[in-house]
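These are my notebook entries on a single model, kept in the order in which I looked things up.

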Amino acid sequence: MMKGELARFQIFSRRALLLGAAEGALALLLAGRLGQLAIIDGERYRLRSERNRIALRPLPPPRGLILDRAGRTLAGNRLNYQARIIPEETDGLEEMLLRLVELLELDAADLAAVRRRLRRRNPRERGVIVKENLSWEQFARLNVALPGLKGVEATAGLAREYPMEGAGVHVIGYVAAPAKDELDGDPVLQLPDMRVGKSGIEKTFEPVLRGRAGVVKIEIDAHGRLVRELEREAGTPGAPVQLTIDRALQEWVTDRLGEESAAVVVLDLADGGVLAYVSNPGFDPNLFVRGISRENWNALLKDPRRPLLDKCGGGAYPPGSTVKPIVALAALHHGIVRPDEKVVCRGKYRFGDNVWHCWRHEGHGPVDVVDAIARSCDVFFYEMAQRLGIERIAAALRDFGLGRAHPLGIGDQKAGLVPDPDWAYGATGRHWQGGETLNVGIGQGALLATPLQMAVAAARLATRRLDFTPRLVHGVGGVPVPMDAEDVPSGELAAAREEHWELVEKGLRAAVAPGGTAPHAQIPRRLGRLAGKTGTAQVRRISDEDRESDRSESDRPWHERHHAWFIAHAPARGARYAVAVLIEHGGGGAAAAAPVARDILRHILENPPARPDGAGASRPVAGPARMRRRGEPA
């Protein structure tokens, strides 16, 4: 070998050796990395791969039912046929949407809503709803076309349904899509068709009615598309909530009120159950389940009869003359009037420099306490109010449930207002004026009460129990809810004598007899007799010009007419039911509210509601109306 060739061979050998060493090092490095991935990090990457392949999706549980006292459905669930689109599974999202427009008869608003939902979509959600509440024909048509609609699903879920529509909405409430502040960490709330309670029983018992979500384990591909379902664990349905409401009566009362802006509360005196709780007009809660339109929402807001307001517990009104029986009992109890004492009514009552008027311009003449209740004489009660003083009147009204809320579990209940000197000074910074006492004595002035409070007052007059407490929920999940008596203030009327109660009762019976303010409100004798009291609450100050004019209430604008009240119980002996009726701007209580109460009590006596325990019709209070009062032995 020549010297030059030897040198090139040595150079080549060194380079080959270096290259071989580098390749060997690289091979060792790769082998080490592979070992790390396979042995050291293998379990971690296997789990990560498994998570990418397996997805867990919550299954909404069936929402619990809301039932009436006989087990009839007040809020249930129905099949909801839906069309859903999964963008990542389509070959062209826009093209597919256009095909669905024709197939599902979507209008421009529907399409815009779908696009909004697509933009706001949570990446964890499986697609978005294109249209729900499909008719069977639409659902069938979609299923036929599905093989050519890649990325579209036809599903059948459950949706809330209210069979009474607007008849019980202020009790039952409604459901709608959850707001951001209502997301409580439950993953099922992330589902696009999930609904939560927004008002009434639906909201109060939301945790009970919602139930527990199930879960489905599915296998997905790298694009998130469903490959197959692996496991499914059903959720726990929401528990049923049973109310004391009688659905048939609730609907009957709603029909009886017609187009009136009104409130009616009917109580079962045997157990305190609320049989009917009607705030009229209502609104159809099914509209909110589907998503109420702007047009319908604006119509509800603009309706002067305020359908969104719960007038039974959330509306406060001057109670008018319906408080006179309470004032009479207080006057008898405190001994400021004798049972046979007569006060002469000449149509006017002078106090200080002012003159207060009776509703009967020519006056009632001499009246005793029974006559005064029966004929609703204002002058008699001006005199009683002056003798009693505001503190004793206020205490008596509170004894009968005014000035405090009676929570039923359906949202905010107003406490109303029982004014007294402390309230006047705190609210206005002025001292109480004597004339205000006279106004409160006939249910006017600053005094405010809800129809629910007046139903409680009617029940306490009927049963002579100052701890009578209304209740709305009978049971939850099949377990009866115990009835608790209210913590009644320690009013002196708890010790009222029996003969004083009897005189008041006599006045209530006389009010619906010839010579009383509402003789036409009596029910057939075969059903027993009815006892009641009218009330006409002014919503504006009556001037001397008004008194001298012949202008009737019906000639005035609707919003200037008086509120009409009537409270009653029946039968007068052994009372079974009590009712309070308010007709907003109805005019006179005798003409507008008393006939409604009469018809309700007649209907319920002829068609007694079932008992919540299924033991048949509710039975009357045993024996005479006299029942145990607070502090007495059982």
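**Entry 1: arginine 120.** I located arginine 120 in the loop that runs between helix H4 (108–119) and strand S4 (128–131). The structure is a predicted model. I then asked whether arginine 120 is buried or exposed. Its relative accessibility is 66%, so I recorded arginine 120 as exposed. Arginine 120 belongs to a positive surface patch together with Arg116, Arg117, Arg119 and Lys180.

**Entry 2: a nonpolar patch.** I looked up Leu26, Leu29 and Leu30, which form a nonpolar patch on the surface. Their accessible area together is about 320 Å². Of this patch I placed leucine 30, which is found in helix H1 (residues 3–40).

**Entry 3: aromatic pairs.** How many aromatic pairs does a search of the whole structure find? I noted 12. I examined phenylalanine 283 and phenylalanine 288: the ring centres are 5.5 Å apart and the planes stand at 65 degrees. Edge-to-face requires planes over 60 degrees apart, so I classed the pair as edge-to-face. Phenylalanine 283 is buried at a relative accessible area of 8%, and phenylalanine 288 is buried at 10% relative accessibility. Both residues belong to one aromatic cluster, with Tyr174 and Trp297 as further members.

**Entry 4: cis peptide bonds.** I found a cis peptide bond between asparagine 280 and proline 281, with omega at about -5 degrees. Proline 281 lies in the loop between strand S12 (274–280) and helix H10 (286–290). The peptide bond from alanine 570 to proline 571 is also cis, and its omega is near -15 degrees. I placed proline 571 in the loop between strand S20 (563–570) and strand S21 (577–583).

**Entry 5: positive phi.** I checked glutamate 165, which is not a glycine yet has a positive phi of about 55 degrees. Glutamate 165 sits in the loop between strand S5 (152–161) and helix H6 (169–172). With 48% relative accessibility, glutamate 165 counts as partly exposed. Serine 376, likewise a residue other than glycine, has a positive phi near 55 degrees. I located serine 376 in the loop between helix H14 (369–375) and helix H15 (378–388). Serine 376 has a relative accessible area of 4% and is therefore buried.

**Entry 6: isoleucine 604.** I placed isoleucine 604 in helix H22 (residues 589–606). At 1% relative accessibility, isoleucine 604 is buried. I also looked up the C-alpha separation between isoleucine 604 and tryptophan 252: the value is 9.9 Å, for residues 352 apart along the chain.

Technical notes:
Residues are numbered from 1 along each chain as its sequence is written. This is a predicted model: local features need pLDDT of at least 70, side-chain atom pairs count only at pLDDT 80 or more; totals for chains, interfaces and linings use all residues. Side-chain values use heavy atoms; hydrogens and water are left out. Patches are made of residues with over 30% relative accessible area and no salt bridge: like charges are joined within 9 Å, nonpolar side chains (Val, Leu, Ile, Met, Phe, Trp, Tyr) within 5 Å. Accessible areas come from the Shrake-Rupley method with a 1.4 Å probe; for residues, only the protein chains shown count as cover. A salt bridge is a side-chain nitrogen of Lys or Arg within 4 Å of a carboxyl oxygen of Asp or Glu. Lys and Arg count as positive and Asp and Glu as negative; His and the chain ends are not counted. The place of a charge is taken as NZ of Lys, CZ of Arg, CG of Asp or CD of Glu. Helices (H or I, at least four residues) and strands (E, at least two) are DSSP runs, numbered from the N terminus. Buried means under 20% relative accessible area, exposed over 50%, partly exposed in between (1.4 Å probe, protein chains only). Rings of Phe, Tyr and Trp (its six-membered ring) pair if their centres lie within 6.5 Å; planes under 30 degrees apart count as stacked, over 60 as edge-to-face and the rest as tilted.
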